[in-house]
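Colleague: Could you take a close look at one part of this chain for me, the charged side chains and how they pair up? Once that is clear, walk me outward to whatever else is worth a look.

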Amino acid sequence: MKVCIIGQGYIGLPTAALFCRNHCEVVGVDISEEMINNLNNGIIHIEEPGISDIIKKAVELEVYKASLTPEKADAFIITVPTPYIVENYSCDLSYVITACESILPYLEKGNTVIIESTIAPMSTDETIKPIFENAGFTIGKDLYLAHCPERVLPGRIIEELIHNDRIIGGVTPECAVKASEVYGQFVKGDLMLTEAKTAELSKCMENTFRDVNIALANELAKICSEIGVNALDVIEMANKHPRVNLHSPGPGVGGHCLAIDPYFIYAKAPETAKIIKLARDTNNSMPDFVCDYVKKIIPKGKIALLGVSYKGNTGDDRESPAYDIISKLSGDYEIAVHDPHIDNPDFLSFDDATKDADLILILCDHDEFKELDFSLICENMSNPVIFDTKNIIKEVPSEIKLFNYGNLYELS
Ligand code: SAJ
């Protein structure tokens with residue numbers, strides 16, 4: 001099978017790798033010339049275990065090729081970003097539409113087209129299907145169109161792409177069958193065949209479920225800091241109940257999924273999707289909450305800010321609440337950023353960031369931050385204080401003062 005994948009990012013490239021490893025030929029298309037050149041030399045641009053080796057080998061064996069333009073293939077998979085439109089929170093389909101239009105000259109009867117990008121409910125039927133119908137195809141008869149959302153966790157993408165169950169939302173039942181044959185090349189999880197609109201809403205709801213639960217944990221952290229209870233203990237105790245799973249509070253919710261997908265549902269039913277919108281607002285309010293407590297801990301001085309990735313052990317900083325926190329604090333404080341997973345000339349080493357700092361502010365749970373060099377901290381800081389918004393520091397020596405969501409009420 002030959003597969004043409006439009007978009008060689010966090011999902012498109014690992015997906016390409018797995019097709020290659022399972023004896024398919026892949027053309028990976030992207031708009032970035034630099035990325036294409038690198039990929040054709042086996043150099044990848046994402047930090048994700050396992051992918052680099054597969055792509056290197058696939059380039060050598062000439063089963064993977066990156067290109068600026070699509071080619072004829074049996075299946076076309078669209079994995080381009082879908083941001084939200086700031087004014088009305090709706091799903092910005094412009095990249096998906098452009099990608100669909102870009103494959104039109106290469107499409108042949110019998111091909112399968114799959115949209116993997118997360119899209120708002122009804123997008124496939126109302127917006128994407130007409131692009132192909134207007135080009136003369138009859139969907140379900142001579143072209144097969146489906147929405148098959150990805151549902152993988154950064155850091156475990158290869159593992160999850162293979163083993164997670166997969167939603168296959170066909171525009172017609174025939175489309176779902178054809179799309180399932182494509183994923184049958186490498187997916188070992190169940191392939192669940194359904195309608196496109198069901199697939200769209202299921203995907204958005206998965207991330208909304210998590211966003212709402214995180215909002216609940218964040219609201220609990222705020223309540224506890226107000227009334228004088230240890231929020232972390234509450235979560236630990238409550239989670240001993242067999243049917244309770246309180247999530248973890250943090251500095252806010254980042255990433256390209258949880259921070260965006262709930263808006264796609266909200267935009268479709270703004271009068272009804274009240275919990276969904278409130279959860280987004282609560283999570284968006286966390287940078288302010290963090291900044292308020294930073295101000296209570298130190299009114300001015302130097303902050304060593306650890307971690308700007310949106311989640312631990314990735315170099316992905318999309319929608320990271322850290323940037324909001326940096327911009328809110330930088331007027332009043334000297335901010336020294338350290339993030340071992342992000343290549344940025346403005347970021348400092350741990351030693352330089354903490355030198356003469358008044359506060360260490362932890363915003364991300366990278367493994368490197370779980371075991372900090374406390375003796376270096378005591379050497380570098382005259383009055384060492386840590387504010388750990390991710391609850392990753394379990395114990396500190398007596399010379400260091402630790403704040404986390406368990407004891408913020410001491411500052412109220
Ligand atoms: N976070 C918290 N508290 C928690 C859990 C997470 O504050 O208890 C924060 C994280 O720090 C991060 C954000 O939420 O800023 C999102 O992290 P995440 O690990 O929950 O989610 P993503 O965006 O990396 O991946 C999600 C996953 N969805 C679900 O778990 C329902 C993944 O399976 C999806 O494939 C992915 O979104 C996607 O592509 O949609």
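Modeller: Let's start at Lys 129, which is partly exposed, with a relative accessible area of 22%. Keep in mind that this is a predicted model. That 22% puts Lys 129 in the partly exposed class because buried would need a value under 20%. The side chain of Lys 129 meets the side chain of Glu 133 in a salt bridge, with 3.8 Å from N to O. That pair counts because the rule asks for a Lys or Arg nitrogen within 4 Å of a carboxyl oxygen of Asp or Glu. Glu 133 is partly exposed too, at 35% relative accessibility. Both residues sit in helix α5, which covers residues 123-134, and they are four residues apart, about one turn of the helix. As a general matter, side chains of opposite charge can pair when their charged atoms come close.

Now compare that with a pair that ties together distant parts of the chain. Glu 108 and Lys 72 make a salt bridge whose closest N and O atoms are 3.1 Å apart. The two partners are 36 residues apart: Glu 108 belongs to the loop between α4 (94-103) and β5 (111-115), and Lys 72 to the loop between β3 (64-67) and β4 (75-78). As for how open they are, Glu 108 is partly exposed at 37% relative accessible area, and Lys 72 is partly exposed at 46%.

Further along, Lys 370 pairs with Asp 367, again by a salt bridge, and here the closest N and O atoms are 3.1 Å apart. Lys 370 has 40% relative accessibility and counts as partly exposed, while Asp 367 is partly exposed with 45%. There is also a small group to look up: Lys 2, Lys 65 and Glu 71 are linked in a network of salt bridges. Over the whole model, the count comes to 17 salt bridges.

So how many of these cross between the two domains? First, the division itself: the assignment gives domain 1 as 2-196 and domain 2 as 231-412. Their C-alpha centres lie 34 Å apart. Between domain 1 and domain 2 the salt-bridge count is zero. The two do touch, though, with 18 residues of domain 1 in contact with 18 residues of domain 2. Together they bury about 1400 Å², and 64% of that is on carbon and sulfur atoms. The side of domain 1 that touches domain 2 is made up of twelve nonpolar, four polar and two charged residues. As for polar contacts across this interface, the rule finds two residue pairs, both at pLDDT 80 or more.

One residue to zoom in on is Thr 314, in the loop between β9 (301-306) and α13 (321-329). Is Thr 314 buried or exposed? At 5% relative accessibility, Thr 314 counts as buried, because the cut-off for that class is under 20%. The side chain of Thr 314 has two backbone partners you can pick out: the oxygen of Lys 311, reached at 3.4 Å, and the nitrogen of Asp 316, reached at 3.1 Å. Leaving out residues up to four places away in sequence, Thr 314 touches Glu 47, Pro 154, Ser 309, His 341 and His 366.

For a contrast, go to Met 237, which is in helix α9 (residues 231-238). Met 237 counts as exposed, at 55% relative accessibility. From Met 237 to Tyr 95 the C-alpha atoms are 46 Å apart in space, and the two residues are 142 apart in sequence.

Last, two backbone angles to check on your screen. His 23, in the loop between α1 (12-21) and β2 (25-29), has a phi near 65°, a positive value in a residue other than glycine. His 23 counts as exposed, with 74% relative accessibility. Tyr 89 also has a positive phi, about 65°, although it is not a glycine. Look for Tyr 89 in the loop between β4 and α4, where the residue counts as partly exposed at 24% relative accessibility.

How values were computed. Residues numbered from 1 in each chain as written. Predicted model: local features only at pLDDT ≥ 70, side-chain atom pairs only at ≥ 80, totals over all residues. Heavy atoms only, no water. Buried < 20%, exposed > 50% of the residue type's maximum accessible area, 1.4 Å probe, protein only. Domains from an automatic or database assignment. Contact = heavy atoms within 4.5 Å. Buried area = accessible area lost by both parts, 1.4 Å probe. Polar contact = N/O pair within 3.5 Å; in protein donor to acceptor, adjacent residues only side chain to side chain. Nonpolar A, V, L, I, M, F, W, Y, C, P; charged D, E, K, R; others polar.
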